[in-house]
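Welcome! Please take a look at the sequence and the 3D view below, and keep both at hand while you read.

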Amino acid sequence: MMTARSSRVGRHWRTVLWGVLLVVGCSDGSYEKRDGQWLYDGNPIDVQEPSRFKPLGGKGDASASFAKDSKVGYYRGSAIEGSDGPSFTVLAAHYARDASHAYYCDTYRKGQDYYLTRYNHVVTMEGVDLATFRVWQERYARDTARLYYEGVHVRVRDLATFELLEHDFQRDRESGYYMRRAIPGSVGSSFVVLDAGYARDASSVYFSHYRAQDPALLNTTVRVTGALPVSFVAKGGGYAVDAKHVYHNGARIAEDAAGFEVLDMTYARTGTTVFHDGVRVEGADATTFKTLGSELSGADASDARNKYLRGKAID
């Protein structure tokens, strides 16, 4: 049977493994020629015109993943279908162009092989005005009429005033956006970000979140019903208060904000009520309630009467 400790150890090593992938597995390789054979990241590649093959950057450069010959452009050792080698030019780490097209190039991983292998993802961009096309931010680009993110056209209401904010929010003079999707009813001229989930304008408060595990709810924003924008304060962990109420993930959870504080282990409390991840902890004594900092003892919180684990009283 898996104990709380073994579960924590497993999570620890998964975190370590992911950290190793980020540090070691995400750095781009470089091109080299060895014994007449062109290689990328040490692996032989199929080059259409070897005698005219030219890497477009040195190791560690933003352009190190790109190359070209007299026929096509290349990204991480693979030919970019439909590209024109003679006019192929690197614009930034993820963007390139030739005389006819712009390209967005990146990599992705698959869960089926435990995220150990990087696969190329190349977008031949549609509808680009090449005469005015430029890279704006790392993954954003624009031309005179359109904004692009990762090579795909993003519809915004006023391109001239569109700007990036914190936590993947954006705004222009007409609207606020979350992950490049306009927030219905929002007013861009007064739109400000409060934390990773909450934002507000002059008349409303919004809660936005991203759920990678649920494709139907990848990018969701709700208007926080009844919230008072002027006094609204985000407290972290999805919790927030205004002059009258307490909220969690955009939903009202308490009518009285007096004495509210956020604790660790996703707990919070008012002067009379304790919450865990936004749900009331039945029977908990708010006055004596305290968190224990970890689950090592089999509990993560206690009060004068009970111990608790993830919001539930335990014997």
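The report below starts with the whole chain and then visits a few chosen places in it.

## The chain as a whole

Before anything else, please keep in mind that this is a predicted model. The secondary structure of the protein chain comes to 1 helix and 35 strands, so numbered by DSSP runs from the N terminus, strand names such as β10 will come up again below. The chain has 315 residues, and 40% of them count as buried.

Two further values describe the chain in general terms. Take the contacts between residues at least 6 apart in sequence: 30% of these join residues at least 24 apart. The surface that the protein chain exposes is about 17300 Å², with carbon and sulfur atoms supplying 50% of it.

## The largest nonpolar core

Which residues make up the largest nonpolar core? There are 10 in all: Y95, A102, Y104, V123, M125, V128, L130, F133, A141 and Y148. As background, nonpolar side chains in soluble globular proteins tend to be buried together.

A102 is a good residue to start from. Leaving aside neighbours within four places in sequence, A102 is in contact with A96, R97, V123, T124, M125, V128, L130 and F133. Among these contacts, V123, M125, V128, L130 and F133 also appear in the list of core residues.

## R139 and its surroundings

Now look for R139, which is found in the loop between β12 and β13. R139 counts as partly exposed, at 23% relative accessibility. Not counting residues up to four places away in sequence, R139 touches H94, Y95, Y104, D106, Y148, Y149 and E150. Three of those names, Y95, Y104 and Y148, belong to the largest nonpolar core. The side chains of R139 and Y104 are joined by a polar contact of 2.6 Å. For a sense of the backbone here, the C-alpha atoms of R139 and C105 are separated by 9.8 Å, while the two residues are 34 apart along the chain.

R139 also forms a salt bridge with D106, and the closest N and O atoms of this pair are 2.3 Å apart. D106 lies in strand β10 (residues 102-108) and R139 in the loop between β12 (134-135) and β13 (140-142), so the salt bridge ties together parts that are 33 residues apart in sequence. D106 counts as buried, at 12% relative accessibility, whereas R139 is partly exposed at 23%.

## More salt bridges

How many salt bridges does the count come to? The count comes to 10. One of them joins E32 and R34, with the closest N and O atoms 2.8 Å apart. E32 is partly exposed at 34% relative accessibility, and R34 is partly exposed at 43%.

Another salt bridge is formed by R310 and E295, where the closest N and O atoms are 2.9 Å apart. R310 lies in the loop between β34 (307-309) and β35 (312-314), and E295 in the loop between β32 (290-291) and β33 (301-302), so this pair ties together parts that are 15 residues apart in sequence. R310 is partly exposed, with a relative accessible area of 47%, while E295 counts as buried at 13%. Salt bridges that share partners also join D106, R139 and E150 into one network.

## D300, a buried charge

D300 sits in the loop between β32 and β33. Which side chain of opposite charge is nearest to D300? It is R310, at 5.5 Å. A salt bridge needs the nitrogen and the carboxyl oxygen within 4 Å, so buried D300, with R310 5.5 Å away, has no salt bridge.

The side chain of D300 does make a polar contact with the side chain of Y267, at 2.6 Å. Beyond residues up to four places away in sequence, D300 touches M265, Y267, T291, L292, G293, S294, E295, Y308, L309 and R310.

## A last stop at T161

T161 is found in the loop between β15 (152-154) and β16 (163-164). Is T161 buried or partly exposed? T161 is partly exposed, with a relative accessible area of 31%.

Leaving aside neighbours within four places in sequence, T161 is in contact with R171, D172 and R173. T161 and R171 are 10 residues apart along the chain, and their C-alpha atoms are separated by 7.9 Å.

How values were computed:
Residues are numbered from 1 along each chain as its sequence is written. This is a predicted model: local features need pLDDT of at least 70, side-chain atom pairs count only at pLDDT 80 or more; totals for chains, interfaces and linings use all residues. Side-chain values use heavy atoms; hydrogens and water are left out. A nonpolar core is a set of buried Ala, Val, Leu, Ile, Met, Phe, Trp, Tyr and Cys residues joined through side-chain atoms within 4.5 Å. Buried means under 20% relative accessible area, exposed over 50%, partly exposed in between (1.4 Å probe, protein chains only). Contact means heavy atoms within 4.5 Å. Helices (H or I, at least four residues) and strands (E, at least two) are DSSP runs, numbered from the N terminus. Lys and Arg count as positive and Asp and Glu as negative; His and the chain ends are not counted. A polar contact is a pair of N or O atoms within 3.5 Å; within protein, one must be able to donate a hydrogen and the other to accept it, and residues adjacent in sequence count only if both atoms are side-chain atoms. Accessible areas come from the Shrake-Rupley method with a 1.4 Å probe; for residues, only the protein chains shown count as cover.
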